[in-house]
Number of protein chains: 4
Amino acid sequence: MSGNTFGTLFAVTNFGESHGPAVGCVIDGCPPGMDLSEADIQPELDRRRPGTSKFVTQRNEPDAVEILSGVYEGKTTGTPIALLIRNTDQRSKDYGEIARQFRPGHADYTYFKKYGIRDPRGGGRSSARLTAPTVAAGAVAKKWLADQFGVRIRGHMTQIGEVQIPFEDWAQVDQNPFFAATADTQALEDYMGALRKTGDSVGAVLRVTAEGVPVGWGQPLYDKLSADIAWAMMGLNAVKGVEIGDGFASATHKGSMHGDTLLPGGQFATNHDGGVLGGISNGAPIEVKLAIKPTSSILVPRESVDVDDQPIELITKGRHDPCVGIRATPIAEALLALVLIEHALRDRAQCGDVVR
Amino acid sequence: MSGNTFGTLFAVTNFGESHGPAVGCVIDGCPPGMDLSEADIQPELDRRRPGTSKFVTQRNEPDAVEILSGVYEGKTTGTPIALLIRNTDQRSKDYGEIARQFRPGHADYTYFKKYGIRDPRGGGRSSARLTAPTVAAGAVAKKWLADQFGVRIRGHMTQIGEVQIPFEDWAQVDQNPFFAATADTQALEDYMGALRKTGDSVGAVLRVTAEGVPVGWGQPLYDKLSADIAWAMMGLNAVKGVEIGDGFASATHKGSMHGDTLLPGGQFATNHDGGVLGGISNGAPIEVKLAIKPTSSILVPRESVDVDDQPIELITKGRHDPCVGIRATPIAEALLALVLIEHALRDRAQCGDVVR
Amino acid sequence: MSGNTFGTLFAVTNFGESHGPAVGCVIDGCPPGMDLSEADIQPELDRRRPGTSKFVTQRNEPDAVEILSGVYEGKTTGTPIALLIRNTDQRSKDYGEIARQFRPGHADYTYFKKYGIRDPRGGGRSSARLTAPTVAAGAVAKKWLADQFGVRIRGHMTQIGEVQIPFEDWAQVDQNPFFAATADTQALEDYMGALRKTGDSVGAVLRVTAEGVPVGWGQPLYDKLSADIAWAMMGLNAVKGVEIGDGFASATHKGSMHGDTLLPGGQFATNHDGGVLGGISNGAPIEVKLAIKPTSSILVPRESVDVDDQPIELITKGRHDPCVGIRATPIAEALLALVLIEHALRDRAQCGDVVR
Amino acid sequence: MSGNTFGTLFAVTNFGESHGPAVGCVIDGCPPGMDLSEADIQPELDRRRPGTSKFVTQRNEPDAVEILSGVYEGKTTGTPIALLIRNTDQRSKDYGEIARQFRPGHADYTYFKKYGIRDPRGGGRSSARLTAPTVAAGAVAKKWLADQFGVRIRGHMTQIGEVQIPFEDWAQVDQNPFFAATADTQALEDYMGALRKTGDSVGAVLRVTAEGVPVGWGQPLYDKLSADIAWAMMGLNAVKGVEIGDGFASATHKGSMHGDTLLPGGQFATNHDGGVLGGISNGAPIEVKLAIKPTSSILVPRESVDVDDQPIELITKGRHDPCVGIRATPIAEALLALVLIEHALRDRAQCGDVVR
């Protein structure tokens, strides 16, 4: 209700601030009997963590996860799994000067107005650092989906600023700092290198997909699978647009072309609908795209106001991602996993007897 | 949990099928003491209802709403408001032949697979007819938002198929059958007239906006105002994409350009963020766009399969919207109203003491 | 959230007022494929309905239920089941004079203070009439529990006022107007006959039990099966106490006597715990008792205050149950059924893979 | 949904096992701007903690609480408050021998059957140790209720085994190890001393009350304040009965005697209803009683079965409370506080405009 829990049957409650003692989450509803250890979670955190290249923030955090509960002798027990990630590189001094200032495009202003108080250290609660617990919980969901259904969730960048990134090969995605599915990332390196020198930031688009999702996940009317995916993705920091399947391109489509022809055996000739029909998965791959705005914290001087409503010129220092979209790939994968496990469990609750 | 309730503090539970005896909803959580009668709701239903022009389905329903509870002597009592809309034009014979067939792009297939059973009459539960109760509930929400905060929610079409529709004047929107904010709709009439003759359908884009929303509505981390808007809109039949503010165009923006400059007095120089920062309203107008795919039920013959997984040639007869997007405007307004009232009440619960 | 929905996976949203046009509910989450018609529901409503003997209110309502949605060709479809019961015997004139008065022990006062407005006709929303939709929904739950698991839910009165009612035979319960499990109800008839002449009312205790509940239903920590039963029962009008198993008598028990000895084959030597251990069903019968206070609306003159906080002498006229507890038996059975189906579905969601 | 979250607007998600690394909780929804530090929470934990007298378990835990998030410069920020309590006295060896045995009256059996796995160390998740995070969260709720409304929540024992404990003076409650509101506890000491020597355990009854609750908290129909109190209390380990106001004694009451006479000024002549009318607080003190069964872990040998369904003789060793009810007083207070703050916030959401 207060915005910090994802899901209800597989419910992830997130806590922490960027520069507090720790961030973490509690997962309530994980099915019992699944093998689980920190080693299943840490690799996903490592994909998301800062400091891995010169194109992301230089904050240096190991993001080591500790399982506090819910696992006994290497298996989940069905009770809450608490995951703790201690913050270790909190340089509060970097942010001190902006405690009274509102950064354009940033949640500073709205948090302060909403709550009458805000934790200004590193963006406090609105920091992208809070995606770490989401990624950790998503790793648990991913594992269950893979173990039980063979679901495979993957993502890659399709655009950074004006640079389009072709999809060539999934195997390339973890071979470069851009989550690009291509071997040739020279243009991206040049583009981002030039951007860094200006102190400015840029937006991005990424694609995330899930293969192996069986037909039948998703609830009509309001809690459509597509709706919950849109909710999850639009809830990720800086996201401004979400598409399922053909998305906005659908507007110019004719019905005779757009409707995916059903073939015998639960197959489809095309996938314009991105794996969701009437809000329910149809067995085709789930296809999602999201647009991410440029990072709000930039080194370029800007005009703004302060907490006393006085005009100021604002210069943000500190360490920031020039394109916050880059590290969003593992996060978007985690979010998709969390939506899917929630719907898998809901479907099992209501339709556990249906023979498909 | 099973997908038919919108919201928690202002919870709308929707029921009914296209060709059952009735559709309707129960609103639980409407604040007490508000003037309310059927006359506040019927005009919104009339905007959505079919049969109003040759460009929408010819099904003819008065969509007369009856308030069954929750109102005493013209005022809401704080108890559940049940709204009933009897179905009066159910021509089940139109649909009989497709009870065993799956229409490409339609929820036929996924409903049948999920539940092992489906009501084939007029699309059953997956019919766009189920947006009528949503619109009725949205009318109640709209009234409260207007009465309490002066919030004004409006929408218009920006694109039908390949035809872009310029925004010229809000006053025009209710003067033509396209919800177009322009006086000159000749091109649209020609385009849609030609489309109807082919028996095909087409997609659309529409914009919906809310002015007067105060700063502070929306919850971090997951239940962002923008996330809940995306959920609501993507949950509308046939929607495949949602944007807040600049949406996908943000990908090419620089941070120095995109971040909306704060001015004294709670104003912003621009509105690239569409009225939401960090998931919380910032006082600027809420700006949303949604892309709607072409209607799945078309008169053009297509290949598909039936319930026995056998290939068939399928011809849909009956009455359908050639562009289901057209009637989506009042629905999208209702959905935005429902999201906003939910967040208004959540904010009042947690931050009722904060002086803004 | 606003109090009118029971359950989440099998969610029953209740609406209506005693003297409005109708009462009813929407069930969201009923599994698909179950045979269902009005004939499955009406008998339970008939057990609860008023006017069946001189010992209950003389209000005469057929309480005929109409299924508005969610059933197609005699089977549930997995979509919301709306149930409508039209009010037919609303004598608002009986209640007109007390619209400004607060009856001692009645919700008049608290509703008025909470909402600033109340529907005074027949108790409005706080009337026991609103248990009719609960009973209707409970009939659906009962049927599913019986069909799927062979669960059998029954209840009977154990005490009316000072009269203890021995348990002799389930078959007697429907043979007398007191839901007494005994053939000899002469003492009760005499007691209640004398009470009616005084215009006063009296309290009661009843027992409800469920046999055939498998081991494993119920959630730790807070949502224990016993906790949700207590919630359901204490939410029934006029209930002031709830016991599971030995209840308050447990206070004087020794651990060596109270702990139910486990026998091979999932049996227990005793059932002091009433079928729940650590909040989870243990396979023994669920045993619940509830205490119901005397009806608040009595014909005896009393002192009170009115809406202007002025002292008054109040005389309630109209038709009332001299012991509201009597008709509570079918309602308590329905409530227990609703709790059990909710937990059956939750268990299936999380532990659907566990081999028991 | 999976049972480990208390409340929705003030949502407390509990995690941990008795002998895992830590127990704790996350509070989501605490209003911002309240002064809060560990010093506000620790005293309540100290009242609950073990090892304080020879009449409670000899486990020795400091139960030191750490605030991990949600507080900045001594004030709540409106974001999640994570509370961590490290376990320090886990003697797993005490429990090793019973990993394959089911204790009569204990959750061993049902946890194992439900999940197919259980953490046997010290009762794992079903241990009363998990009430520590509840007490910590309750301390936060208590503080807000006191600060905002002057609500005062207190409890005391009224019965231990056969010994009735008279209420004489609140000031005595913290002066003896029995939470007895009397100066003369010699009989209790003798009774408990004798009990300890037998290795057996005994049940108890306690009373908890809240003064200063304003009229208007609580939701009809199902989420009555009384229903939620019953849910909270029956969810506490070992509770088998709950009463509001006169409870089971109401069964023999006449309506003319039971109905609390309203006096001018929002006062009542009596409080048979225990402060709740129609599920909504009426301004009188909230009065609750709960019955607690004897501790299941006793030193007396008993018959039972093991995980292979074989009969065994079972002897529990280790450290246990001879009367688990004694330490329940601060827990019941915490539970009542959590119910009240939830309803305070719900009321503010829906009825924030009502003038009372």
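Q: What makes two strands count as a pair in this predicted model?
A: Two strands pair if DSSP finds at least two bridges between them. Strand S11 (residues 239-244) of chain C and S11(D) have 3 bridges and run antiparallel, so they qualify as a pair under the cut-off of at least two bridges. One of these bridges links Gly241(C) to Glu243(D).

Q: What makes S11 of chain A and S11 of chain B a pair?
A: Again, bridges decide. Strand S11 (residues 239-244) of chain A meets strand S11 (residues 239-244) of chain B over 3 bridges, in the antiparallel sense. The requirement is at least two bridges, so the term applies. Among the partners, Glu243(A) is bridged to Gly241(B).

Q: Which strand of chain D is joined to S11(D) by bridges?
A: Strand S16 (residues 286-292) of chain D runs antiparallel to S11(D), and 5 bridges join them. Val242(D), for example, has Leu290(D) as its bridge partner in S16(D).

Q: Why is S11(D) described as largely enclosed by the rest of the structure?
A: The reason is burial: 6 of the 6 residues of strand S11 (residues 239-244) of chain D are buried, so the strand is largely enclosed by the rest of the structure.

Q: How do you know that helix H5 of chain D is largely enclosed too?
A: The helix spans residues 225-234, and 10 of the 10 residues are buried, so the rest of the structure largely encloses H5(D). Among the buried residues are Leu225(D), Asp228(D), Trp231(D) and Met234(D).

Q: Why is Arg48(A) called buried?
A: Arg48(A) has 24 other C-beta atoms within 10 Å. A residue is buried if 20 or more lie within that distance, so Arg48(A) meets the cut-off. Arg48(A) belongs to helix H1 (residues 38-48) of chain A. Leaving out residues up to four places away in sequence, Arg48(A) touches Thr131(A), Ala132(A), Val135(A), Arg327(A), Pro330(A) and Ile331(A).

Q: Why is Lys54(A) called exposed?
A: Lys54(A) has 12 other C-beta atoms within 10 Å. Since a residue is exposed if 12 or fewer lie within that distance, Lys54(A) is exposed. Lys54(A) sits in the loop between H1 and strand S4 (65-67) of chain A. An unreviewed UniProt entry annotates both Arg48(A) and Lys54(A) as "binding site".

Q: What makes Gly278(A) count as buried?
A: Gly278(A) has 27 C-beta neighbours inside 10 Å. Buried calls for 20 or more, so the label fits. Gly278(A) is in the loop between strand S14 (276-277) and strand S15 (280-281) of chain A. The residues that Gly278(A) touches include Pro220(A), and from chain B Ala107(B), Thr110(B), Tyr111(B) and Ser126(B). The unreviewed UniProt entry lists Gly278(A) under "binding site", along with others including Arg125(A), Asn237(A) and Arg319(A).

Q: How many residues of chain A and chain B take part in their contact?
A: The contact takes 97 residues from chain A and 97 residues from chain B. On the chain A side, 39 are nonpolar, 38 polar and 20 charged.

Q: How many residues of chain D are in contact with chain B?
A: Here 16 residues of chain D are in contact with 16 residues of chain B. The chain D side has 7 nonpolar, 6 polar and 3 charged residues.

Q: What makes the relation between chain D and chain B that of a two-fold axis?
A: A turn of 180° and a shift of 0.0 Å along the axis lay chain D on chain B with an RMSD of 0.0 Å. That is therefore the relation of a two-fold axis. Ala349(D) has the C-alpha of chain D nearest the axis, 2.2 Å from it. The same surface serves both copies, as 94% of the contact residues of chain D recur in chain B.

Terms used:
Residues numbered from 1 in each chain as written. Chains lettered and ligands numbered in written order. Predicted model: local features only at pLDDT ≥ 70, side-chain atom pairs only at ≥ 80, totals over all residues. UniProt positions renumbered as here; feature names shortened; annotations may be inferred. Helix = DSSP H or I, 4+ residues; strand = E, 2+ residues; numbered from the N terminus. Contact = placed C-beta atoms within 7 Å. Nonpolar A, V, L, I, M, F, W, Y, C, P; charged D, E, K, R; others polar. Least-squares fit on C-alpha atoms with pLDDT ≥ 70 in both.
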